[in-house]
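Q: I have a structure open and would like to learn how to read its features one by one. Could you walk me through it?

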Amino acid sequence: MTKPSLPDLLHAAVSAVGGTERPGQVAMAEAVAEAIDDNSHRLIQAGTGTGKSLGYLVPALAHGERVVVATATLALQRQLVERDLPRTVDALHPQLRRRPQFAMLKGRSNYLCLHRLHEGAPQDEEDGLFDQFEAAAPTSKLGQDLLRLRDWADETETGDRDDLTPGVSDKAWSQISVSSRECLGATKCAYGAECFAEAARERAKLADVVVTNHALLAIDAIEGAPVLPQHEVLIVDEAHELVSRVTGVATGELTPGQVNRAVKRSAKLVDEKIADALQTASESFERVMELALPGRLEQIPEDLGYALMSLRDAARNVISAIGATRDKSVQDEDAVRKQALAAVENIHTVAERITNGSEYDVVWYERHDRFGATLRVAPLSVSGLLREKLFEDRSVVLTSATLKIGGDFNGVAASLGLSPEGVEGDDVPLWKGLDVGSPFDYPKQGILYVAKHLATPGREGTRGDMMDELAELIEAAGGRTLGLFSSMRGAKAAAEELRGRLDNPILLQGEETLGELIKNFAADPKTCLFGTLSLWQGVDVPGPSCQLVVMDRIPFPRPDDPLMSARQKSVEEHGGNGFMAVAATHAALLMAQGAGRLVRASGDRGVVAVLDPRLATARYGSFLRATLPDFWYTTDRNQVRRSLAAIDATAKADGK
């Protein structure tokens, strides 16, 4: 039997989802198929509307070997598993003569733990476990969430937190879930045969396509214990997010509260002398943390160094002692021991890592008004880790609407541990870049407006001229505005100010769940939605409800961000331009993602307004603009108001 051709398969899949084949999608599918056949690597930029999911799913399914697809957002995971994969598998089945299987796999703490649900959660003050359902007042929000979780546990087939709607708070979920370190293991657990996390793993082992998230991919790479099944092809979607997700997984933290909980959990499981040593170390750590000021620690202060060494040594002794003692008086002893061990092991790992003082780590204090001080440690760079762990023994395709920064792929490639395109050498994974463009006509569909007349934004203080400009733009647009702010404080200030000045309803992130906010924003064209980071990337509202996207300022990292400033300094010490490599690249990625919220369909029209004159006047402005969609560019404030009014009038004439 002749092998079905890729164009025929793609045509069948696109027809099944009611789409239209696009040249960029065809080019992408061919590049993915070539990478899989050659066992090579690709970076593929595919603009909004390309249909990139099918562009990689069709060649992956046609290949026949197991493929892992890792995404950053829950929305895309759901879209793949609930919509794209079922339809594509059905469409390709007649030509492939087989029905590829697919499955979703996440980290263990994303699944309901039946042991926790039925046997209880760890109690810090008492022996053993306690019934969290009895302890929480049934009228409290936590109590109501827990009762709903108990009912849901009887009907859910997956136990996956993301299948629970509406969701519950992190606090409620933590009462009925465990980390991989806390898990007893299927063979030791009374509920092992029914375990949701184990069932998900078993499904993944049998699947041709496993859909996961960047965090689990990072855990799989970093921790050495394979979580994902063996696979020949890895496709990383939303790949612009990968470095920050891997950094998050590789970051350790210590707080006095966390150490205290570990002390209480382990105290009854070891003899008094060993428990007292951990208690004493905990108290000295807490005293140091009370005086901690936010910022990077280029040298570990002497008092912190002593406190961490005491913690490390005391934790090591507790770990040895827990493993050697048994106490039948403790209710559900195995679970209590495992949870105490997980808490103490984490303290030992982080204290030892900071004490050892690697030049490749950055250590800093953070302070939170409510939670006090936190000590954090993160890798200066994850590029070496990614080069070593990601690109060996498999073909890797990385794709996103935003991979070319300042006009080429090399910036993103460097952050992934790759050399410039075409450079060969020992241990250097070879890769090719491809920009398949976008089906949208950006110069005709959108305007990039830079408010060049405004004052340059300072670090503090209100920007009266910016507020006036924002109000006038929203009035000209008739609402229809997504406001993207570089800080929550800025978003709140703008919402408060403009709610008093405009008739348009203004929704603010944090006042409702993100899903509700986006739904309400899409439903009423007069409405505006203001918010921060997750809105820059997570909003998909085609049509007339979003015809003006405003960025209050260029979203450079804060100058006092310890990790970003350390990375910038490191680039400079190696002869590079730290500002361009770190701060400008960070801002360019976010701005490209933010500007991508405007044109989501071929009929969309509108304006991206940047209320920061530096995009027009600073030397790095052209680098940032080269990363944005190719909109028609202007700094003429009157022109942009006329354009917005005309777009608004057309939408109203169409009854929208």
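**Strand pairing and beyond**

A: Happy to. Strand β15 (residues 481–484) pairs with strand β17 (residues 528–531) in the parallel sense, over four bridges. Keep in mind that this is a predicted model.

Q: Which residue of β17 stands opposite T481?

A: Strands of a sheet pair through backbone hydrogen bonds, either parallel or antiparallel. Here, T481 faces C528 in β17.

Q: Which other strand does β15 join through four bridges?

A: That is strand β18 (residues 548–551), which runs parallel to β15. Within this pair, G483 stands opposite V550 of β18.

Q: Which residues of β15 point one way, and which the other way?

A: T481 and G483 point one way, while L482 and L484 point the other way. All of these are buried.

Q: How should I read β14, and why is it described as largely enclosed?

A: Here the burial cut-off matters: a residue counts as buried under 20% relative accessible area. Five of the five residues of strand β14 (residues 446–450) are buried, so the strand is largely enclosed by the rest of the structure. Look at its two faces: G446, L448 and V450 lie on one side and I447 and Y449 on the other, with both faces covered.

Q: Which strands are joined to β14, and by how many bridges?

A: Five bridges join β14 to strand β19 (residues 606–610), and these two run parallel. In β19, V450 has V610 as its bridge partner. Three bridges join β14 to strand β20 (residues 632–634), again with parallel pairing. Opposite I447 you will find W632 in β20.

Q: Where can I see antiparallel pairing?

A: Look for an open sheet of four strands, with the order β8-β11-β10-β9 and antiparallel pairing. Its edge strands are β8 (252–254) and β9 (295–296), each of which pairs on one side only. Moving inwards from one edge, β8 pairs with strand β11 (residues 372–379) over three bridges in the antiparallel sense. The bridge partner of E253 in β11 is R376.

Q: Let's turn to helices. Which residues of α10 are buried?

A: An α-helix has 3.6 residues a turn, so residues three or four places apart point the same way. In helix α10 (residues 214–222), the buried residues are H214, L216, L217, A218, D220 and A221.

Q: What do the buried residues of α10 pack against?

A: Their packing partners include both strands and helices: β2 (67–71), β6 (209–213) and β7 (233–236), together with α11 (242–249) and α16 (383–390).

Q: And what do the buried residues of α9 pack against?

A: In helix α9 (residues 196–206), F196, A197, E198, A200 and A204 are buried. They pack against β3 (102–104), α5 (114–119), α7 (141–155) and β6. Notice that β6 is also listed among the elements that the buried residues of α10 pack against.

Q: Now a single residue. Is R312 buried or exposed?

A: R312 has a relative accessible area of 15% and is buried. You will find R312 in helix α14 (residues 302–324). Not counting residues up to four places away in sequence, R312 touches H348, A351, E352 and T355.

Q: What is the relative accessible area of L398?

A: For L398 the value is 0%, and the residue is buried. L398 sits in strand β12 (residues 395–400). Leaving aside neighbours within four places in sequence, L398 is in contact with R42, L43, I44, V236, A239, L242, F391, L403 and L416. As for spacing, the C-alpha atoms of L398 and A413 are separated by 9.9 Å, and the two residues are 15 apart along the chain.

Q: Finally, how many helices and strands does the chain have?

A: The chain has 27 helices and 20 strands. Its radius of gyration is 26 Å, close to the 26 Å that the globule rule gives for 656 residues, so the chain is as compact as a globular protein of that length. Along its principal axes, the C-alpha trace spans about 75 × 70 × 60 Å.

Q: What share of the 656 residues is buried?

A: Buried residues make up 52% of them. Contacts offer another view of the fold: among those between residues at least 6 apart in sequence, 76% join residues at least 24 apart.

Note on methods:
Residues are numbered from 1 along each chain as its sequence is written. This is a predicted model: local features need pLDDT of at least 70, side-chain atom pairs count only at pLDDT 80 or more; totals for chains, interfaces and linings use all residues. Side-chain values use heavy atoms; hydrogens and water are left out. The radius of gyration is taken over C-alpha atoms; the globule rule is 2.2 Å times the number of residues to the power 0.38. Buried means under 20% relative accessible area, exposed over 50%, partly exposed in between (1.4 Å probe, protein chains only). Contact means heavy atoms within 4.5 Å. Two strands pair if DSSP finds at least two bridges between them.
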